[in-house]
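Please examine the sequence and the structure shown below before attempting the exercises. Each exercise sets a task and is followed by a worked solution.

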Amino acid sequence: EKKLETDRRHIRETIYDLNQELKKVRKNREIQREKRNKESIPKVSLVGYTNAGKSTLRNTLCSIAAAKDNRTKEDVFEADMLFATLDITTRAIILKNKGLITLTDTVGFVRKLPHDLVEAFKSTLEEVIYADLLCHVVDASSDDALEQIKAVEEVLAELGAIDKETILALNKIDKIDKEKLEELKSKISYYDDIIEISAKEEINIDGLLNEIEEKLPYSLKKCEYIIPYERGDVVSLLHRSGRVLEEEYVEAGTKLTVEVDDEVYNKTKEYIINILN
Ligand SMILES: Nc1nc2c(ncn2[C@@H]2O[C@H](COP(=O)(O)OP(=O)(O)OP(=O)(O)O)[C@@H](O)[C@H]2O)c(=O)[nH]1
Ligand SMILES: [Mg+2]
């Protein structure tokens, strides 16, 4: 009985300590993120199922497009094991036309991540939530590639990041046969941006970099909305996340002219009556 009690207390203390540490990490990231936001450096996050090749891709991208003042490449731990990446690592790289961007490697997602774990993951995955563009890396050579894509989509939905601009990078094409690749592609044709790469063999990395450039930074769209009066939440979303240029009240609802990015656009497009640019 006594031993059980001390064990319990010990565990409670450990949980407390870890929570304190997590708070510090969170605070620190917030400060760094704010700084980057101020400098408005576009943020790209690599997401994907564990073992998809995110860390390998990050290293390849960093060595091909290394930022001048960031030559000291700290290699991310790569391994054929679960959760090889225990921390998020962000590095700057230079794109040909758009200049400096940050690239963040994240921990691999897994299937059926329990709800409370997703909560805990949120702090480590904040970079995903705040990213301007996601690069969803897939181990296309895996027999489970499709299930893994779905699992990642589910986690992204839990994080509220499913509406983000996404490039789907089918990785490891160096070891997949054409037929399997075509079959996979036919099942994910709802992605409008699919690119085939090999992070390890450095195949089509330039293509991926071009794609990233094309998607960054967001092009703002100027849209006219009529939002029914019962959807006050949409009006506040537009005020919060867009730039409201005009607002008036008409019979059908609130009429707004707003500049929105692609993410807000996707969330609100059912109320758009006119796109002005
Ligand atoms: N054949 C081949 N192997 C690759 C490629 N990219 C990555 N790999 C291998 O796949 C394994 C996993 O790669 P990582 O980069 O660690 O994968 P990850 O997505 O970062 O994994 P987690 O951090 O656990 O989520 C390593 O053994 C890599 O060498 C590729 O393009 N082709
Ligand atoms: Mg990794």
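The exercises below concern a predicted model.

**Exercise 1. Determine the strand order of the open sheet of four strands, and identify its edge strands.**

Solution.
- Step 1. The order across this open sheet is S8-S9-S7-S10, and the pairing is antiparallel.
- Step 2. Strand S8 (243-250) and strand S10 (272-275) each pair on one side only, and they are therefore the edge strands.
- Step 3. On average, neighbouring strands of the sheet are turned by 15° against each other, direction ignored.
- Step 4. Three bridges link strand S7 (residues 221-227) to S10 in the antiparallel sense. Tyrosine 225 stands opposite isoleucine 272 in S10.
- Step 5. Helix H8 (residues 232-241) lies across S7, S8 and strand S9 (253-260), and runs at about 30° to S9.

**Exercise 2. Decide whether strand S1 (residues 43-48) is largely enclosed or not enclosed by the rest of the structure.**

Solution.
- Step 1. A residue counts as buried when its relative accessible area is under 20%.
- Step 2. Six of the six residues of S1 are buried, so the strand is largely enclosed by the rest of the structure.
- Step 3. In a regular strand, side chains alternate between the two faces of the sheet. In S1, Lys43, Ser45 and Val47 point one way, while Val44, Leu46 and Gly48 point the other way.
- Step 4. S1 runs parallel to strand S4 (residues 133-139), to which five bridges join it. The bridge partner of valine 44 in S4 is leucine 133.

**Exercise 3. Describe the surroundings of valine 137.**

Solution.
- Step 1. Valine 137 is found in strand S4.
- Step 2. Its relative accessible area is 0%, so valine 137 is buried.
- Step 3. Leaving aside neighbours within four places in sequence, valine 137 is in contact with several residues, among them Leu46, Val47, Leu57 and Ala169.
- Step 4. Valine 137 and alanine 169 are 32 residues apart in sequence, yet their C-alpha atoms are 4.8 Å apart in space.

**Exercise 4. Establish which helix gives the most to the largest nonpolar core.**

Solution.
- Step 1. The largest nonpolar core has 24 residues, and those with the most contacts inside it are Leu57, Ile93, Leu208 and Ile212.
- Step 2. The elements that give two or more residues to this core include S1, S4, helix H2 (54-64) and helix H7 (205-215).
- Step 3. H7 gives the most, with four residues.
- Step 4. Not counting residues up to four places away in sequence, isoleucine 212 touches Val44, Leu95, Ile101, Leu133 and Ile167.
- Step 5. A second, separate core of 15 residues includes Phe109, Val128, Val155 and Leu156.

How values were computed. Residues are numbered from 1 along each chain as its sequence is written. Chains are lettered from A and ligands numbered from 1 in the order in which they are written. This is a predicted model: local features need pLDDT of at least 70, side-chain atom pairs count only at pLDDT 80 or more; totals for chains, interfaces and linings use all residues. Side-chain values use heavy atoms; hydrogens and water are left out. Two strands pair if DSSP finds at least two bridges between them. Axes are lines fitted to C-alpha atoms, for helices over the stretch in contact, and angles run from 0 to 180 degrees between N-to-C directions. Contact means heavy atoms within 4.5 Å. Buried means under 20% relative accessible area, exposed over 50%, partly exposed in between (1.4 Å probe, protein chains only). A nonpolar core is a set of buried Ala, Val, Leu, Ile, Met, Phe, Trp, Tyr and Cys residues joined through side-chain atoms within 4.5 Å.
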